[in-house]
Amino acid sequence: MDARPKCNLIIDSCCDLPYEVVDREGVWLLEFPYIDEKGDHCDDFYRSVTPHEFYEGMRAGSQPSTAQVPITKFQEVFGQAIESGVPTVYLSFTSGLSGSYNTALIVRDQLLAEHPDAELHVVDTCLASVAEALLVYEALKQRDNGMTARELAAWAEEARYFVDAEFMVDDLESLHRGGRIPNSVAYAGAKLDVKPLLNISIDGKLALTGVARGRKKGIKQLAEYCEKRMADHAPGRCVVIGNADCPKDAARLKELLAKTDDNLLFLESSIGPVIGSHVGPGMLAVVFWGGDKREDLSVADRIARKIKKEG
């Protein structure tokens with residue numbers, strides 16, 4: 001009996017998973033670029049720089065910027081996937097924060113026109129960083145459990161609505177400078193003199209959800225958010241904790257969650273350089289399987305979403 005997976009996966013570095021988790025046969029990695037005063041770099045899952053080295057640079061005044069994955073890189077990786085002859089799924093960083101998803105669609109359509117018998121699915125995860133990590137981590141397990149490419153793409157398009165996340169940043173300046181949040185949100189955060197708490201909206205954009213007066217209270221609020229909204233109560237369920245060079249805070253958050261539920265399995269990860277360029281050092285995140293985010297929409301937003309879909 002052939003035990004090989006029925007499909008391959010393409011994932012990008014913005015999922016911020018540890019390299020040892022994603023380094024496996026049949027998985028291609030797309031590395032987002034970033035630029036600092038030393039030149040151009042690839043977000044290579046911290047194989048060429050440590051998290052502490054990267055964030056110490058930012059603390060010293062470095063202001064790295066980011067760019068989309070070049071179209072040539074999509075052509076290369078998608079081409080390799082098609083040449084493999086194995087149906088493949090690409091789980092993309094949210095289109096709400098990057099144009100790379102649209103570039104991926106263009107390249108996919110071009111290659112499928114040349115190879116009509118190939119099977120290559122592109123899924124907008126509508127997620128970023130360790131929120132994207134949870135979806136990718138579970139997708140790897142579903143793939144190993146025998147899902148076809150078509151099944152896995154359909155699974156991801158539904159599962160993305162059940163990934164819940166909240167994260168705390170030291171301030172909103174890096175996000176504002178990179179154009180990832182509206183001016184109004186940045187202004188409010190600056191005036192409040194607190195630690196902003198954010199999540200990822202249903203359309204894959206950032207939204208301010210609250211504030212914390214100090215990091216200790218912020219860590220407690222992250223734990224309470226997870227405890228309140230977690231929908232999966234099966235033994236061994238996974239919670240992802242991500243940090244941008246603040247491992248002691250991550251350990252404290254893990255401790256608080258473990259006190260209330262000793263059945264949790266924790267996946268810990270460092271926020272990568274591309275996401276880190278926008279959030280800065282000190283970000284702390286908790287990610288878990290929650291309820292259907294579509295049910296959190298207001299009536300007006302549900303109607304608007306339906307109209308856009310039908311149009």
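How do strands β1 and β2 pair, and over how many bridges? Strand β1 covers residues 8-12, and its pairing with β2 is parallel, over four bridges. One residue pair shows this contact: Ile11 stands opposite Leu29, which belongs to β2. Keep in mind that this is a predicted model.

Now widen the view to the sheet around these strands. It is an open sheet of four strands. Read across it and the order is β2-β1-β6-β7, with parallel pairing. Which strands stand at the edges? They are β2 (27-30) and β7 (120-124). Each has a single partner strand, so one side of each is left without a neighbour in the sheet. The strands are also turned against their neighbours, by 20° on average, with direction ignored.

Next, look at the helices that lie across this sheet. Helix α3 spans residues 71-84. It lies across β1, β2, β6 (88-92) and β7. Its direction makes an angle of about 175° with β2. Helix α5 spans residues 129-144. This helix lies across β1, β2 and β6. Relative to β1, helix α5 runs at about 170°.

A second sheet comes next. This open sheet has three strands, in the order β4-β3-β5. Here the pairing is antiparallel. The edges belong to β4 (39-42) and β5 (65-66). Each of these has a single partner strand, so one side of each lacks a neighbour in the sheet. Take the pairing of β3 and β5 as a closer example. Strand β3 covers residues 33-36 and pairs with β5 over two bridges, in the antiparallel sense. Which residue of β5 is the bridge partner of Tyr34? That partner is Thr66.

Move on to helix α6, residues 149-159, where you will find Glu157. Is Glu157 buried or partly exposed? Its relative accessibility is 37%, so Glu157 counts as partly exposed. The cut-offs explain the label: partly exposed lies between buried, under 20%, and exposed, over 50%. Now compare Glu157 with Leu264. In sequence, the two are 107 residues apart. In space, their C-alpha atoms are 25 Å apart.

Finish at helix α12, which runs over residues 299-310 and contains Val299. Val299 has a relative accessible area of 60%, so this residue is exposed. It also belongs to a nonpolar surface patch. Val299, Ile303 and Ile307 make this patch, with an area of about 300 Å². Why can Val299 be part of a patch? Patches are made of residues with over 30% relative accessible area, and Val299 has 60%.

Key
Residues are numbered from 1 along each chain as its sequence is written. This is a predicted model: local features need pLDDT of at least 70, side-chain atom pairs count only at pLDDT 80 or more; totals for chains, interfaces and linings use all residues. Side-chain values use heavy atoms; hydrogens and water are left out. Patches are made of residues with over 30% relative accessible area and no salt bridge: like charges are joined within 9 Å, nonpolar side chains (Val, Leu, Ile, Met, Phe, Trp, Tyr) within 5 Å. Accessible areas come from the Shrake-Rupley method with a 1.4 Å probe; for residues, only the protein chains shown count as cover. A salt bridge is a side-chain nitrogen of Lys or Arg within 4 Å of a carboxyl oxygen of Asp or Glu. Buried means under 20% relative accessible area, exposed over 50%, partly exposed in between (1.4 Å probe, protein chains only). Two strands pair if DSSP finds at least two bridges between them. Axes are lines fitted to C-alpha atoms, for helices over the stretch in contact, and angles run from 0 to 180 degrees between N-to-C directions. Contact means heavy atoms within 4.5 Å.
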